[in-house]
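Colleague: Could you take me through the largest pocket, please? I would like to know what lines the largest pocket and how its residues divide by type.

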Amino acid sequence: MSISYEFNSINLDDYIALRSLVNKPPLTTELADQIMKNSICSVSAFDEEGKTVGFGRLVGDGVVICYIQDVMVHPEYRFRNIGKGILEQLEGYVKNITQPGVTMMLELMSTLHAEQFYEKHGYIKRPNNEYGSGFIKLISGDD
């Protein structure tokens, strides 16, 4: 099976459908469009027929910090190194935008079931002796 990767080429309907397949909260097309416009970049993975089978994106300031978001692989295509390929593409992009003399922090928040995947690819689990815990606060637009 051959997988190709492209930057900034996700179809919004494909993005919304992929989110649904991996049990992420639903989005409208308008919200999905805003998400893409506010991202530094995105990477889509396609199978031989051009079907979107994976996705990931970067957010942040692009100078000293980037966050990996929305790494998703179609359930029927898991365990075929697609997630690894998405990470490699995003990491390569970050290396290319990191300025001389600057150390970029590439961070992410993992779901529980994906922690070993990220550790296997060189990401450091927090907390540890050097870094404290990651935190999250959910803020609803309805409050």
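Modeller: Happy to! For the residue types, Ala, Val, Leu, Ile, Met, Phe, Trp, Tyr, Cys and Pro count as nonpolar, Asp, Glu, Lys and Arg as charged, and the others, Gly among them, as polar. This is a predicted model, in which local features need pLDDT of at least 70 and side-chain atom pairs count only at pLDDT 80 or more, while totals for chains, interfaces and linings use all residues. Residues are numbered from 1 along each chain as its sequence is written, and side-chain values use heavy atoms, with hydrogens and water left out.

A pocket here is an open set of points on a 1 Å grid over the protein atoms alone, where a 1.4 Å probe fits, with protein on both sides within 12 Å along at least five of seven lines; lining residues have an atom within 4 Å of a point. The largest pocket holds about 1,100 Å³ of space, a volume being the space filled by probe spheres set on points joined across faces, edges and corners. It is lined by 38 residues, and Val71, Thr111, His113, Ala114 and Tyr118 are the closest to its centre. By type, the lining divides into 22 nonpolar, eight polar and eight charged residues.

Helix 1 (12–21), strand 4, helix 3 and helix 4 (115–120) each give two or more residues to this lining; helices (H or I, at least four residues) and strands (E, at least two) are DSSP runs, numbered from the N terminus. Strand 4 supplies the largest share of the lining, seven residues.
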